[in-house]
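Work through the exercises below with the sequence and the structure open. Each task is followed by a solution in steps.

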Amino acid sequence: MINGKTKVLGVIGDPIEHTFSPAMQNAGLEFLDLNFKYLPFHVKNLSQAILGAKSLDFMGLNVTIPHKIAILDCLDKIDKVAEMIGAVNTVKFEENEDGEKIAIGYNTDGYGAVRAINEVTDVKDKKVVITGAGGASRAIAFQIANSGISELSILNRNYKKAANLSKDLNNNLDNFESNLEINSYELSDLDKELSSADILIDTTPLGMFPNIDDKPIASSEMMHENLVVNDIVYTPKDTSLIKEAKKAGCTTVYGYKMLLYQGIRSFEIWLNQEAPVDVMEKALLNTLGI
Ligand code: ATR
């Protein structure tokens with residue numbers, strides 16, 4: 001029930017109509033009987049929206065396309081990993097010692113992918129191969145580089161983008177918790193890189209509906225059975241890459257799990273309590289229709 005004590009959470013983006021987050025977040029809030037509502041907001045003027053959210057005593061926001069980078073200029077504080085990534089998808093509003101509202105930015109996208117992979121294998125000391133070098137790749141690369149892995153290879157169609165990302169990561173080596181080797185390659189080197197890899201994360205849109213036959217690899221023969229394969233595409237659930245990986249006997253991680261765990265982490269940041277994963281997963285799958 002909505003009453004005078006109801007607190008507001010939400011997601012801001014432009015457009016916002018297709019967001020899956022309200023279904024997932026409200027399912028979790030309702031299950032725990034918390035007096036919060038999570039709403040979608042179509043936002044064009046970002047700085048005014050953040051000032052408004054502070055004045056209206058919002059508890060937190062998710063931030064989606066196209067505001068994930070521009071939001072940095074509207075924040076009072078930023079988490080270390082989010083700062084390295086240079087993008088924020090979660091904002092928490094708090095009061096500082098002077099009683100002023102402040103906005104703190106986090107990035108839970110990379111966390112989402114790493115937690116999904118950690119469910120099936122401990123990423124510690126593993127060699128990770130990431131295909132793609134866009135926004136999603138960057139968030140995942142910084143998070144996983146900070147999760148105790150031993151080696152990271154970034155491969156991209158446009159090699160320059162992979163090289164730039166690898167350079168940014170290498171410039172931050174001192175901030176990571178362990179020593180690791182980070183390299184960039186052409187996408188055509190995937191076969192060679194996969195032979196010594198433990199984990200493959202495909203961040204390209206290859207295989208996304210309606211182009212469901214596309215994939216970054218030629219066939220299952222390029223994959224060995226000890227490889228863990230995560231495709232961040234979630235429609236369809238079983239992408240062409242995931243199907244080939246299953247054929248090769250690999251352990252697979254569905255793309256929707258990254259969405260799930262980025263939302264779980266946001267929930268935990270806002271509410272300082274564990275989120276009901278099963279309930280939120282069911283709601284997410286339902287709203288995605290997969
Ligand atoms: P996102 O925010 O989802 O990461 P993005 O920033 O547009 O999206 O990045 C998409 C990534 O997928 C890029 O690395 C892109 O490669 P290029 O830099 O060469 O464009 C990659 N990608 C997109 N379509 C691709 C395709 N058909 N084959 C290979 N890589 C592709």
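**Exercise 1.** How many nonpolar, polar and charged residues does the shell around the ligand have?

*Solution.* The model is predicted, so to speak of local features pLDDT must be at least 70, and side-chain atom pairs count only at pLDDT 80 or more, while totals for chains, interfaces and linings use all residues. Residues are numbered from 1 along each chain as its sequence is written, and side-chain values use heavy atoms, with hydrogens and water left out.

Step 1. Collect the residues with a heavy atom within 4 Å of the ligand. There are 13, of which Ala133, Ala136, Asn156, Arg157 and Lys161 come nearest.

Step 2. Sort them: Ala, Val, Leu, Ile, Met, Phe, Trp, Tyr, Cys and Pro are nonpolar, Asp, Glu, Lys and Arg charged, and the others, including Gly, polar. The shell has five nonpolar, six polar and two charged residues.

**Exercise 2.** Find N or O atoms of the protein that lie within 3.5 Å of a ligand oxygen, the cut-off for a polar contact.

*Solution.* Step 1. Check the backbone. An N or O atom of alanine 133 is 2.8 Å from a ligand oxygen, and one of asparagine 158 is 2.9 Å from a ligand oxygen.

Step 2. Check side chains. Arginine 157 places a side-chain N or O atom 2.9 Å from an oxygen atom of the ligand.

Step 3. Add the cover. On its own the ligand has 640 Å² of accessible area (Shrake-Rupley method, 1.4 Å probe), and the protein covers 64% of it.

**Exercise 3.** Locate the salt bridge of lysine 54.

*Solution.* Step 1. Apply the criterion, a side-chain nitrogen of Lys or Arg within 4 Å of a carboxyl oxygen of Asp or Glu. The structure holds 17 such pairs; in one of them, lysine 54 pairs with aspartate 76, with the closest N and O atoms 2.9 Å apart.

Step 2. Place the partners, using DSSP runs (helices H or I, at least four residues; strands E, at least two) numbered from the N terminus. Lysine 54 is in helix α2 (residues 46-55) and aspartate 76 in the loop between β3 (60-63) and β4 (77-78), 22 residues apart.

**Exercise 4.** Which peptide bonds to proline 66 and proline 236 are cis or trans?

*Solution.* Step 1. The bond from isoleucine 65 to proline 66 is cis, with omega near 10°; proline 66 is in the loop between β3 and β4.

Step 2. The bond from threonine 235 to proline 236 is also cis, with omega near 5°.

Notes: A polar contact is a pair of N or O atoms within 3.5 Å; within protein, one must be able to donate a hydrogen and the other to accept it, and residues adjacent in sequence count only if both atoms are side-chain atoms.
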